[in-house]
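I opened this entry to keep track of what I looked up. My notes follow the structure.

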Protein chains: 2
Amino acid sequence: MREFMTLTKALSDPNRVRMLLALRPGELCVCQITELFGLATSTVSKHLSILNQAGLIRSRKTERWVYYRLADKPAPVAVREALDWVRKSLAKTDEAAADAKRLKRIMKMDLAEVCRRRCRC
Amino acid sequence: MREFMTLTKALSDPNRVRMLLALRPGELCVCQITELFGLATSTVSKHLSILNQAGLIRSRKTERWVYYRLADKPAPVAVREALDWVRKSLAKTDEAAADAKRLKRIMKMDLAEVCRRRCRC
DNA sequence: TTCTCATTTCGTTGTTTGGCGAAATGAGAA
DNA sequence: TTCTCATTTCGCCAAACAACGAAATGAGAA
C-alpha cells in the first residue's frame, strides 16, 4: 500500500507525468528537462527525485551529467503497469506532441550549450 | 491530460484508494463507508465526490440512501485500467484484508442502525 | 591538489488538500 | 403540506506540496 501510494502521488503532478512522457524516446539529462519545461533546476531535480523514489525512472551519471531514463524491464509489475497506463492514456495527446516537438529542437542543440543557457544571470 | 490528472489525483489519497477496494464486492451507502473508515461524514462525502468526478465510481439514490459503486463497463478505458491497476496492486494486501473483514461485520448490521450510530452526540 | 560546474539540498513562500463541525439541501415520510 | 434525516456544501484550520533562489555537494577538469 505504501509503495502504491508513492506511485500514485508521483503521478499526481502534471509536470512529473509530462517528464515520464518526455523520457519515452530515451534518456535525458537534467538540464535538457529543465530547458524543456522552463522550470527552475531545483524544481526539476525535486520532481525527478520523486519519480526515482517511486521506481518509475532510473539515473546514470556520465562525465558531468546525470541522465534519467524510464524504469527498465526488471521493474516491479505495479511500476510497469503505471508506465503503460500513462503511455496508453497520454501518448497521443496534444500536450505530449507539443513537448515532443520542443524536445526535438533541444536534442539538436549542444548539451553544454543547453546547460549554460539554463543560467539566467 | 486534464482528465488523466483528475484520475491520478483521485488515486493519490490512501483513504480514497481504500474506498475503491471496499467497493469491489458491491455497492455501499455513505454511512456504511463512514462507519468503515471512522471518518466524518462530510469527509467521506468529499472523497466520494472526487472519485465520482474522476469517473471511478457511480452513485444511485434509493429511499433515504445514496449508494456508490465502482464504474461499470461503459467507463472510459483509462478509468477501467486505473481500477484494474488498483485491484491488481492492492487486492491481496493486509490493509485491504483488514478493511474487508470490518466491512463484513458492518454489512451484517441493520443499515438504519449504522446511519444512526454515525451521530456521535 | 584545487577549480569548475551540473546537480542536489535547504529554507522560504504561496497554494492545495484532507480533516472537521455547522449549516444547507432535498427527497421520502408523515 | 410540513417534518425527518442522509447527504452535501461551506468555512475554517493544519499539514502537505510545488516553486523558487541560495547554498552545499561532489565528480571530473585542470
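**Surface near DNA strand D**

I began with the elements that each supply at least two residues of the surface near DNA strand D. From chain A these are helix H2 (14–22) and helix H4 (41–53). From chain B they are helix H3 (30–37), helix H4 (41–53) and strand S3 (65–70). I note here that the model is predicted.

Next I looked up which residues come nearest to DNA strand D. Of the 23 residues around the strand, they are A:Arg16, A:Thr43, A:His47, B:Ser45 and B:Tyr68. I also sorted the residues of this surface by type. They divide into nine nonpolar, seven polar and seven charged.

Which part of DNA strand D lies within 4 Å of the protein, sugar and phosphate or bases? I found that 76% of the atoms of the strand within that distance belong to sugar or phosphate. The rest belong to bases.

Then I went through contacts to phosphate oxygens of DNA strand D. A:His47 places a polar side-chain atom 2.4 Å from a phosphate oxygen. For a polar side-chain atom of A:Arg16, the distance to a phosphate oxygen is 2.8 Å. A:Ala40 takes part through its backbone: a polar backbone atom lies 2.9 Å from a phosphate oxygen.

**How the two chains relate**

I laid chain B on chain A. The fit takes a turn of 180° and a shift of 0.0 Å along the axis, with an RMSD of 0.0 Å. The two copies are thus related as by a two-fold rotation axis.

I then compared the interface residues. Of those in chain B, 100% are also interface residues in chain A, so the copies meet through the same surface.

**Aromatic rings between the chains**

How many aromatic pairs does a search of the whole structure find over all chains? It finds three. In one, the rings of A:Trp85 and B:Phe4 have centres 4.7 Å apart and planes at 50°, so I logged the pair as tilted. This pair crosses between chains, from helix H5 (residues 77–90) of chain A to helix H1 of chain B. A:Trp85 is buried, at 2% relative accessible area. B:Phe4 is buried too, at 4%.

I moved on to A:Trp85 and B:Trp85. Their ring centres are 5.4 Å apart and their planes lie at 40°, so this pair is also tilted. A:Trp85 sits in helix H5 of chain A and B:Trp85 in helix H5 (residues 77–90) of chain B, so the pair joins two chains. B:Trp85 is buried, with a relative accessible area of 2%. Ring pairs link A:Phe4, A:Trp85, B:Phe4 and B:Trp85 into a cluster.

**B:Thr8**

I checked B:Thr8, which lies in helix H1 (residues 2–10) of chain B. Is B:Thr8 buried or exposed? Its relative accessible area is 1%, so I count B:Thr8 as buried; the cut-off is under 20%. Leaving out residues up to four places away in sequence, B:Thr8 touches A:Thr8, A:Leu11, A:Ser12 and A:Trp85.

**Helix H2 of chain B**

Last, I looked at helix H2 (residues 14–22) of chain B. Seven of its nine residues are buried, so the helix is largely enclosed by the rest of the structure. I listed the buried ones: B:Arg16, B:Val17, B:Arg18, B:Met19, B:Leu20, B:Leu21 and B:Ala22. At the N-terminal end of this helix, B:Asp13 acts as a cap. A side-chain oxygen of B:Asp13 lies 2.9 Å from the backbone nitrogen of B:Asn15.

Methods
Residues are numbered from 1 along each chain as its sequence is written. Chains are lettered from A and ligands numbered from 1 in the order in which they are written. This is a predicted model: local features need pLDDT of at least 70, side-chain atom pairs count only at pLDDT 80 or more; totals for chains, interfaces and linings use all residues. Side-chain values use heavy atoms; hydrogens and water are left out. Helices (H or I, at least four residues) and strands (E, at least two) are DSSP runs, numbered from the N terminus. Buried means under 20% relative accessible area, exposed over 50%, partly exposed in between (1.4 Å probe, protein chains only). Contact means heavy atoms within 4.5 Å. A residue is near a molecule or strand if one of its heavy atoms lies within 4 Å of it. A polar contact is a pair of N or O atoms within 3.5 Å; within protein, one must be able to donate a hydrogen and the other to accept it, and residues adjacent in sequence count only if both atoms are side-chain atoms. Ala, Val, Leu, Ile, Met, Phe, Trp, Tyr, Cys and Pro count as nonpolar, Asp, Glu, Lys and Arg as charged, and the others, Gly among them, as polar. Copies are superposed by least squares on the C-alpha atoms of residues with pLDDT of at least 70 in both. Rings of Phe, Tyr and Trp (its six-membered ring) pair if their centres lie within 6.5 Å; planes under 30 degrees apart count as stacked, over 60 as edge-to-face and the rest as tilted.
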